[in-house]
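Colleague: I should like to go through this model with you, beginning with its strands and then turning to its helices. Please set out the reasoning behind each reply.

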Amino acid sequence: TICDTSRTYLEVALAAGPDLVVPNLSEALALLGQDEVEPMDVPANALERAREAAVSLRALGPKTVLVTVGPAGVVYATENETSAVPSPEIEVVNPVGAGDCFVAGLVLELASGASLHEAVLTGVAMGAAGCETFPAGLVDPARVRELRARLKS
């Protein structure tokens, strides 16, 4: 089960013990009672805050938590590891739909049998590619491959 939702829905989903949840930093902190980050804000210590939030949320039931932080990247926490994947530098045209593009890339790779880390790398590349176009969620597969190649495995 992969759950990409927020607020009350995320709280209810956590109680059900999903396999994976994907909140952004603002959603994660709000659930943890720390509402000071706006959805589009990227604080200087964003990946560290995302790491702390991912670990805290994982303790609430899901097997894996991925916390997205827009242009800073993504942090994921599992039982055995916590890792950060920085986003590639791109020219942002429209960030709307980037999270959905991220989840689509993640699911695509997980469904093909890729490791979580490899799936996160592809998700980050797809989310970044989605930001480079004006229509939300429109990605060029060649651009996704190019951005994915720039990310360390």
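**Strands and helices of a predicted model**

Modeller: As a starting point in this predicted model, Thr 64, Leu 66 and Thr 68 point one way from β3, Val 65 and Val 67 point the other way, and all are buried.

Colleague: How many residues of β3 are buried?

Modeller: The side chains of β3 point two ways, with Thr 64, Leu 66 and Thr 68 on one side and Val 65 and Val 67 on the other. Both groups are buried. The strand is therefore largely enclosed by the rest of the structure, the number of buried residues being five of the five.

Colleague: In what order do the strands of the sheet lie?

Modeller: Two bridges join β2 to β3 in the parallel sense, and Val 21 stands opposite Val 65 there. Four bridges join β3 to β4, which run antiparallel, with Thr 68 opposite Val 74. The pairing is thus mixed, and the five strands form an open sheet in the order β1-β2-β3-β4-β5.

Colleague: Which strands are at the edges of that sheet?

Modeller: β1 pairs with β2 (residues 20-21) in the parallel sense over two bridges, and Cys 3 stands opposite Val 21. β5 pairs with β4 (residues 73-77) in the antiparallel sense over five bridges, and Val 75 stands opposite Ala 84. An edge strand pairs on one side only, and the two edge strands are β1 and β5.

Colleague: Which residue in the turn between β3 and β4 has a positive phi?

Modeller: β4 takes part in a hairpin with β5, with four residues between them. β3 and β4 also form a hairpin with four residues between them. In the turn of the β3-β4 hairpin, a positive phi of about 45° belongs to Gly 70.

Colleague: Which residues of β5 point to the buried face?

Modeller: Side chains alternate along β5 (residues 82-86). Thr 82, Ala 84 and Pro 86 point to one face and are not buried. The residues that point to the other face and are buried are Ser 83 and Val 85.

Colleague: What angle does the direction of α5 make with that of β5?

Modeller: α5 is mostly covered, with 14 of its 16 residues buried. The helix packs on the sheet and touches β2, β3, β4 and β5. With the direction of β5, that of α5 makes an angle of about 25°.

Colleague: At what angle do α4 and α5 pack?

Modeller: Two packed helices are described by the angle between their axes and the distance between the axes. For α4 (residues 98-111) and α5 (residues 116-131), the axes are 7 Å apart. The crossing is right-handed, and the packing angle is about 145°.

Colleague: How many nonpolar residues are in the contact of α4 with α5?

Modeller: On the α4 side the contact includes Phe 102, Leu 106 and Glu 109, and on the α5 side it includes Val 120, Val 124 and Met 126. By class, two residues are charged and five are polar, while the nonpolar residues number 13.

Colleague: What is the distance between the end C-alpha atoms of α4?

Modeller: α4 has 14 residues, which at 1.5 Å a residue should span 20 Å. The model agrees with this, because the end C-alpha atoms are apart by 20 Å.

Colleague: Which elements are among those that cover the buried residues of α4?

Modeller: The buried residues of α4 are Ala 98, Cys 101, Phe 102, Val 103, Gly 105 and Leu 106. What covers them includes β2, β3, β4 and α5.

Colleague: Is Arg 148 buried or exposed?

Modeller: Arg 148 is placed in α6 (residues 141-150). Not counting residues up to four places away in sequence, Arg 148 touches Glu 118, Leu 121, Thr 122, Ala 125 and Ser 153. Its relative accessible area is 16%, and because the cut-off is under 20%, Arg 148 counts as buried.

Colleague: What is the relative accessible area of Ala 50?

Modeller: Ala 50 lies in α3 (residues 46-58). Leaving aside neighbours within four places in sequence, Ala 50 is in contact with Leu 25, Val 67, Val 69 and Val 75. Ala 50 is buried, and its relative accessible area is 0%.

Definitions and conventions: Residues numbered from 1 in each chain as written. Predicted model: local features only at pLDDT ≥ 70, side-chain atom pairs only at ≥ 80, totals over all residues. Heavy atoms only, no water. Axes fitted to C-alpha atoms, helices over the stretch in contact; angles between N-to-C directions. Left-handed = near helix turned anticlockwise from the far one by under 90°. Contact = heavy atoms within 4.5 Å. Nonpolar A, V, L, I, M, F, W, Y, C, P; charged D, E, K, R; others polar. Buried < 20%, exposed > 50% of the residue type's maximum accessible area, 1.4 Å probe, protein only. Pairing = 2+ DSSP bridges. Expected span 1.5 Å × (residues − 1).
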